[in-house]
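User: Hi! I am new to protein models and would like to go through one with you. Could you show me the structure before we start?

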Amino acid sequence: MSGTVPVDDSRNDASRIRRILRGPRPEAVPTFVARACTLVGLLNIAAGVFPRFRHSRMHAIAEVLPGALGPFAAALALSCGVLLLLLAHGLRRNKRRAWRAAVVLLPAGAVAQFAYRHSVIGVLISVGLLALLLRHPGEFKALPDPRSRWRALANFVLLGAGSIGLGLVIVSAHPNKVVGDPSITDRLAHVMYGLFGLEGPVDYAGNTSWTVGASLGALGLVTAITTIYLAFRPEHPAARLTDDDEARLRTLLEKHGSRDSLGHFALRRDKGVVFSPSGKAAVTYRVVSGVMLASGDPIGDVEAWPGAIERFMDEAKAHSWTPAVMGCSETGGQVWTRETGLDALELGDEAVVDVADFSLSGRAMRNVRQMVKRIERNGYETRVRRIRDLGEAELERIQLAADAWRGTDTERGFSMALGRIGDPNDGDCLIATAHKADEEPGPYGDLKAVLHFVPWGKDGVSLDLMRRDRAADPGMNELLIVAALQAAPKLGIAHVSLNFAMFRAALARGEKIGAGPVLRAWRGLLVFLSRWFQIESLYKFNAKFRPRWEPRFVVYRSSKDLPRIGFAAMQAEGFVTLGLPGFLRRGAPKRRPCPHHAHDHEVQAA
């Protein structure tokens with residue numbers, strides 16, 4: 001008993017009561033309000049769809065919650081429920097416009113409850129939640145996300161599909177009132193007519209026809225109003241590099257580009273950028289699904305990195321984006337975690353070959369050596385040059401071939417891909433090509449494969465993409481990497497960064513003798529996932545060239561954010577595409593067909 005502190009239960013009870021009366025903590029207000037809106041929205045939808053539910057005890061609870069505008073208004077319940085569900089996501093992310101909409105919706109719900117039901121409890125709950133929002137307006141300051149009017153079409157398709165599905169439930173929720181036995185085709189036709197406010201082929205006894213028709217019309221009206229709003233609101237395009245931004249970044253890379261092999265990829269023009277107050281450092285990023293993704297280390301003077309990182313975090317906070325960094329180095333990870341309090345997790349390793357140490361001699365290089373010799377005996381030759389040394393006709397032919405051999409509608413890559421070949425400003429980029437004279441030259445002449453490297457400081461290059469004609473012999477990638485490494489000394493190149501191998505350490509340790517069951521199981525899972533993603537194949541491909549491995553990290557705020565960050569990274573890299581089909585995109589370039597049905601054989605960072 002000597003170590004026991006007596007507890008006053010009455011004081012604990014009083015503390016709990018005070019906490020309840022004070023309401024949720026300020027930082028928990030957005031989550032609390034979002035969950036309340038979600039619950040009320042679901043209850044309203046259920047109350048509007050299922051007739052039995054509207055007379056159950058659950059409906060008695062729903063009736064006193066904000067947004068339920070009367071027991072007789074199924075249509076209003078449905079539309080309000082859908083709007084509350086749409087509103088909840090914005091409130092959870094501290095969006096200012098969602099707060100404004102909630103401030104308008106809650107008193108409107110209170111007035112409707114009092115006017116239709118004379119419900120004092122419903123009015124009090126509405127006013128209580130409204131008071132909570134008005135008490136904490138500072139919690140909802142997030143600015144809008146980047147957007148375009150194409151989201152209106154996405155809203156029309158997705159919400160329209162949801163309305164059709166929910167409409168089928170509404171039409172089928174009154175089995176005892178249906179006249180006859182309408183088929184699924186008749187029910188679907190009734191839904192489609194009802195969304196446009198027209199009578200359909202399904203008939204009901206009593207007033208049920210009016211209830212179903214009003215509910216379907218409300219769903220159609222909500223879809224139309226939200227689509228029109230998204231179509232005519234001002235555009236807020238995603239951040240892009242301006243000419244001035246690119247010039248400033250190139251100046252920083254000229255001075256500090258040797259620090260990070262991924263530095264030149266910051267010049268992708270679909271990225272935004274924030275600079276430190278001194279202008280001596282910068283962080284480039286892209287916003288994907290509410291995640292603000294930076295890649296690699298900050299650009300510029302290490303002493304100025306904290307200022308650029310602070311600007312990055314301020315931008316993420318202003319928009320309520322989830323901050324994350326993909327593929328930073330160990331030094332970069334240390335600075336990010338020290339300056340922001342974020343956590344870091346090893347993501348994999350970058351393969352770097354030091355040119356002075358590379359040789360095809362020895363048993364370890366036998367497979368690569370034999371493959372290169374075999375391809376050369378088959379009549380292939382290689383050329384390694386700077387982009388600025390290519391003629392216009394040859395450069396155009398290479399660009400067309402690389403596009404045709406891509407094999408996917410979208411260009412893959414974000415953190416370790418430049419996204420272009422042959423730009424006038426990229427004259428220092430290196431290109432390695434494989435050629436073989438055929439009896440019948442194709443549309444790209446004797447060109448059979450292309451490797452593109454971007455500068456890494458003054459004396460290095462980093463692999464950007466690998467493309468090849470499918471009709472060419474296997475081993476084109478190995479041939480061109482060896483050619484680039486052998487030509488590197490004449491071009492003043494001392495080190496070459498190859499691909500990034502995710503979870504390389506786990507794959508390497510898991511295949512060694514003595515590996516434990518957990519490590520072996522983890523490696524087995526990675527090998528299984530390699531059927532769809534280039535995990536094991538990237539590791540084995542890179543290992544052929546006996547590189548040194550440089551660890552790369554992902555920086556994140558919370559472990560619960562990792563799935564969202566991973567999905568956003570897959571979108572950014574082009575492995576998951578949620579946009580419109582290519583033929584519907586404005587200004588989408590037309591793919592040139594390749595007579596050999598070539599497809600993408602690039603080995604690229606995931």
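User: What average pLDDT does the protein chain have?

Analyst: Good place to begin! This is a predicted model, where local features need pLDDT of at least 70, side-chain atom pairs count only at pLDDT 80 or more, and totals for chains, interfaces and linings use all residues. Residues are numbered from 1 along each chain as its sequence is written, and side-chain values use heavy atoms, with hydrogens and water left out. The score called pLDDT is the predictor's confidence in each residue, from 0 to 100. Here 73% of the residues score at least 70, and the chain's average is 77.

User: How many contacts beyond near neighbours in sequence does the stretch of residues 65-73 have in the model?

Analyst: A contact means heavy atoms within 4.5 Å. Over residues 1-26 the pLDDT is below 50, and that stretch has seven contacts beyond near neighbours in sequence. Residues 65-73 also have a pLDDT below 50, and for this stretch the number of such contacts in the model is 32.

User: Is Arg-552 buried or exposed?

Analyst: Let us use the cut-offs: buried means under 20% relative accessible area, exposed over 50%, and partly exposed in between (1.4 Å probe, protein chains only). Arg-552 has a relative accessibility of 4%, so it counts as buried.

User: Which residue forms a salt bridge with Arg-552 with the closest N and O atoms 2.8 Å apart?

Analyst: Side chains of opposite charge can pair when their charged atoms come close. A salt bridge is a side-chain nitrogen of Lys or Arg within 4 Å of a carboxyl oxygen of Asp or Glu, and the structure holds 19 of them. In this one, the closest N and O atoms are 2.8 Å apart, and the partner of Arg-552 is Asp-260.

User: How many residues apart are Arg-552 and Glu-350?

Analyst: The side chains of these two also meet in a salt bridge, at 2.9 Å from N to O. Arg-552 belongs to strand β12 and Glu-350 to strand β6, so to speak two distant parts of the chain, where strands (E, at least two residues) and helices (H or I, at least four residues) are DSSP runs numbered from the N terminus. Both residues are buried. Along the chain, their separation is 202 residues.

User: Which residue meets Arg-504 in a salt bridge of 3.3 Å, N to O?

Analyst: Arg-504 is in helix α16 (residues 504-510), and its partner lies in strand β6 (residues 343-354), 155 residues apart from it. Arg-504 is buried, with a relative accessible area of 16%. The partner is buried as well, with a value of 3%. The residue you are looking for is Asp-349.

User: How many of the seven residues of strand β5 are buried?

Analyst: Strand β5 covers residues 322-328 and is largely enclosed by the rest of the structure. The reason is that the number of buried residues among its seven is seven.

User: In which sense do β5 and β12 pair?

Analyst: Two strands pair if DSSP finds at least two bridges between them. Strand β3 (residues 291-295) and β5 pair in the parallel sense over five bridges, and there Leu-293 has Ala-324 of β5 as its bridge partner. With β12, the picture includes Cys-328 standing opposite Phe-553. β5 and β12 pair over four bridges, and the sense is antiparallel.

User: What phi does Ser-320 have?

Analyst: Most residues other than glycine have a negative phi, and most peptide bonds are trans. Ser-320 sits in the loop between α11 (305-319) and β5, and at 18% relative accessibility it counts as buried. Its phi is positive although the residue is not a glycine, with a value near 60°.

User: Is Arg-546 buried or exposed?

Analyst: Arg-546 has a positive phi of about 50° too, although it is not a glycine. Its place is the loop between α18 (536-543) and β12. With a relative accessibility of 58%, Arg-546 counts as exposed.

User: Where is Tyr-193 in the chain?

Analyst: At 41% relative accessibility, Tyr-193 counts as partly exposed. The element that holds Tyr-193 spans residues 184-195, and its name is helix α8.
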